Amino acid sequence: MTRSVLVLNGPNLNLLGTRQPEVYGRTTLADVEAMCIETGRTLGLEVACRQSNSEGTLIDWIHEAKGVHAGIVLNAGAYTHTSIAIMDAIASVELPVVEVHLSNIHQREAFRHLSYISKVAVGMICGFGAFGYRIALEALANRIGGGA
Ligand code: DQA
């Protein structure tokens with residue numbers, strides 16, 4: 001079984017570091033991705049990172065992950081709260097997905113309380129900022145099993 005995982009970030013997360021830093025912190029997406037690759041190394045996981053602002057592209061990448069990656073860490077950004085299509089893509093590929101949010105979505109506006117991703121994810125981590133991606137990778141490594 002492959003020890004490769006995909007860290008997938010959705011819309012507006014390319015602006016991390018400068019986007020509402022009081023909510024999302026000052027860590028950039030490049031910092032997050034470097035941290036994920038380094039965390040992966042300690043867990044015996046090969047980590048590939050991708051980001052898109054487009055729903056269709058995210059769906060295509062989820063489809064392509066089947067047979068290539070053993071699981072996905074996903075921050076779908078605002079599509080979390082709207083995208084039945086991303087939910088269906090995850091259900092279709094039958095890969096373990098760990099959902100991540102930098103902010104605690106349950107402390108925020110009511111429209112952020114619903115997550116379509118949570119309905120098909122193994123679990124969800126929110127509120128820990130960029131550190132949440134490390135927790136998610138550890139959870140995914142545990143789920144995949146057969147670690148280093
Ligand atoms: C987010 C939370 C979403 O509600 C928001 O639309 C985002 C980022 C987070 O990481 O906290 O874009 O997913």
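**Close-up views of the ligand and its pocket**

**View 1. Asn-75 meets the ligand.** Let us start with one contact: an oxygen atom of the ligand lies 2.8 Å from a polar atom in the side chain of Asn-75. Please keep in mind that this is a predicted model.

**View 2. Arg-19 and His-101 also reach the ligand.** The side chain of Arg-19 has an N or O atom 3.0 Å from an oxygen atom of the ligand. For His-101, a side-chain N or O atom is 2.8 Å from a ligand oxygen. On its own the ligand has 320 Å² of accessible area, and the protein covers 99% of this.

**View 3. The residues around the ligand.** Asn-75, Arg-19 and His-101 have company here: the residues around the ligand also include Tyr-24, Gly-77, Ala-78, His-81, Leu-102, Ser-103, Ile-105 and Arg-112. Sorted by class, this shell holds four nonpolar, five polar and two charged residues.

**View 4. The pocket that holds the ligand.** Where does the ligand sit? Its place is the largest pocket, which has a volume of about 160 Å³. The lining has 14 residues, and those closest to the pocket centre are Arg-19, Tyr-24, Gly-77, Ala-78 and Arg-112. By class, the lining is made up of five nonpolar, six polar and three charged residues.

Conventions: Residues numbered from 1 in each chain as written. Predicted model: local features only at pLDDT ≥ 70, side-chain atom pairs only at ≥ 80, totals over all residues. Heavy atoms only, no water. 1 Å grid on protein atoms, 1.4 Å probe; cavity = no way out; pocket = protein on both sides within 12 Å on 5 of 7 lines; lining within 4 Å. Points joined across faces, edges and corners; volume = space filled by probe spheres on them. Nonpolar A, V, L, I, M, F, W, Y, C, P; charged D, E, K, R; others polar. Near = heavy atom within 4 Å. Polar contact = N/O pair within 3.5 Å; in protein donor to acceptor, adjacent residues only side chain to side chain. Areas by Shrake-Rupley, 256 points an atom, 1.4 Å probe, with all protein chains shown as cover. Sits in = over half its atoms within 2 Å of the grid points.
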